[in-house]
Protein chains: 2
Amino acid sequence: MRSFTEENYLKIIYHLAEKTNNVQTNAIAEQIQTKPASVTDMIKKLAEKDLVDYVKYQGVTLTEKGKQAAVDIVRKHRLWEVFLVDKLNFKWDEVHDVAEELEHIKSVDLIERLDEFLGFPKSDPHGDPIPDKHGRFAKTQFIKLTELKIGDGGTITGVSQHSSAFLKHLEKLGLTLGKQIEVSDVTDFDGSVEILVTGKQINISREVAKHILISTNGKN
Amino acid sequence: MRSFTEENYLKIIYHLAEKTNNVQTNAIAEQIQTKPASVTDMIKKLAEKDLVDYVKYQGVTLTEKGKQAAVDIVRKHRLWEVFLVDKLNFKWDEVHDVAEELEHIKSVDLIERLDEFLGFPKSDPHGDPIPDKHGRFAKTQFIKLTELKIGDGGTITGVSQHSSAFLKHLEKLGLTLGKQIEVSDVTDFDGSVEILVTGKQINISREVAKHILISTNGKN
DNA sequence: AAAAATTTTTAGATTTACCTAAAAATAAAT
DNA sequence: ATTTATTTTTAGGTAAATCTAAAAATTTTT
Ligand SMILES: [Mn+2]
Ligand SMILES: [Mn+2]
Ligand SMILES: [Mn+2]
Ligand SMILES: [Mn+2]
């Protein structure tokens, strides 16, 4: 039986490993809101259980077993988020914290039935892919809005920032999942991006654009 | 913020208090699967937080505040059970353990929306009443099947035993919530009860009959 | 009303997940 | 190649929830 805390560590390490191969102690500490010394303690425990490979001072990587466990938690997190949005009418900026709790409920049966009840969704309210029961999922092929050139277009299919403030902001701008956009200009001065969405011309800061993920129609 | 453990103690004390006014240390220990010494420690903590009234060697009673907290957990437990049965097609004997975990999820918003999603159910899959958001609920007026006399009838509206074994047994006998029954005989030898249900005559042990709750039609 | 049995509490440890402060290792800058 | 800065680990401690063994209070029996 894996503890609530162990599960959180595994998930955080998994997400950090998407960026850098070797995950550092301080990075984990920051994410998990704890001190580096505590992280070292927990890492030793996870290594003891063969969930991570650990070389002193060199950071950690998840073992196959650890990766499986982490993906399983990610699966639960995202399925619960779908449930909250699709069935309980939560907004996409309101679901993360509750899902953080729900993802630790233990029953396998529960999550399989929930998956079925939701119609086996492929992605969560933020466009992130939902692993199937074997932990498999298609690697998403999104590009950042900031990588588009003037004249390029595509569909908003994800976000790389899940803070409530950011998501609320996008909602207000009408930049939700599925919307078609086209880049009409990029301001030299501050790098802000002018885009065309649902017939309107709007300007968004580079900071915002950076976290909007686009799937191009393959036409560019 | 109340811990998982504190919540479990409050709920157990609440349920025990339905039987006896002053709840004893050993009774709590048995229910919570721990040792009396541990219970004493926790009781002191709960008393410190004004959740229970405690007199050494005299057991505990919930304060108004403690009762509120306990009823809130019971509400969550029962709503989740309804969700599992109505939406995820769990059987009534499969839901208790998962609900034990789900009842500790913290968001108030979540539970209000879940309540609405389920259509504000008044009772759970075992016939137990679901408190509303203010903790109010009608006191159920069931009688035990064993209290019926020969010729008396009524509707099965609850059970006072939630073990999977018991519930599966009832299911097999066709004794589920809502079924009309009538007592046709009581065996002198072992006190077993012969009942008429959906046209069939069946015999159930006194032990089983004791845990079946009946609402009479007021005709007796 | 004493003695015996039961229940409850205290005392002292253990485990898990943290912490702070200081030491050790690694990386970056001069 | 040293020195300096940063990162990571160790050492030693704390709080929550548990435990065992023993003491104290209460209840039951004689
Ligand atoms: Mn999330
Ligand atoms: Mn998400
Ligand atoms: Mn239950
Ligand atoms: Mn129930």
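This is a short selection tour of a predicted model, going from the two protein copies to DNA strand C.

**Stop 1: the pair.** Select chains A and B. Superpose chain B on chain A: the rotation is 180 degrees, the shift along its axis is 0.0 Å, and the RMSD is 0.0 Å. The two copies are thus related as by a two-fold rotation axis. Both copies use the same surface, since 100% of the contact residues of chain B recur in chain A.

**Stop 2: the axis.** Select B:Leu102. Of the residues of chain B, B:Leu102 comes closest to the rotation axis, with its C-alpha at 3.8 Å.

**Stop 3: around the DNA.** Select DNA strand C and expand by 4 Å. The strand is surrounded by 21 residues. The closest are A:Thr34, A:Ser38, A:Lys45, B:Lys44 and B:Tyr54. Now colour the strand by sugar, phosphate and base. Of its atoms within 4 Å of the protein, 78% belong to sugar and phosphate.

**Stop 4: the elements.** Show the helices. In chain A, H1 (4-17) and H3 (36-48) each supply at least two residues of the surface near DNA strand C. In chain B, H2 (25-32) and H3 (36-48) do so. Which helix gives the most to this surface? H3(A) does, with five residues. Colour the surface by class: eight residues are nonpolar, eight polar and five charged.

**Stop 5: phosphate contacts.** Zoom to A:Ser38. An N or O atom of its side chain is 2.5 Å from a phosphate oxygen of DNA strand C. Go to A:Thr34, where the corresponding side-chain distance to a phosphate oxygen is 2.6 Å. Finish at B:Asn26. Here a polar backbone atom lies 2.9 Å from a phosphate oxygen of the strand.

Notes: Residues are numbered from 1 along each chain as its sequence is written. Chains are lettered from A and ligands numbered from 1 in the order in which they are written. This is a predicted model: local features need pLDDT of at least 70, side-chain atom pairs count only at pLDDT 80 or more; totals for chains, interfaces and linings use all residues. Side-chain values use heavy atoms; hydrogens and water are left out. Copies are superposed by least squares on the C-alpha atoms of residues with pLDDT of at least 70 in both. Contact means heavy atoms within 4.5 Å. A polar contact is a pair of N or O atoms within 3.5 Å; within protein, one must be able to donate a hydrogen and the other to accept it, and residues adjacent in sequence count only if both atoms are side-chain atoms. Helices (H or I, at least four residues) and strands (E, at least two) are DSSP runs, numbered from the N terminus. Ala, Val, Leu, Ile, Met, Phe, Trp, Tyr, Cys and Pro count as nonpolar, Asp, Glu, Lys and Arg as charged, and the others, Gly among them, as polar.
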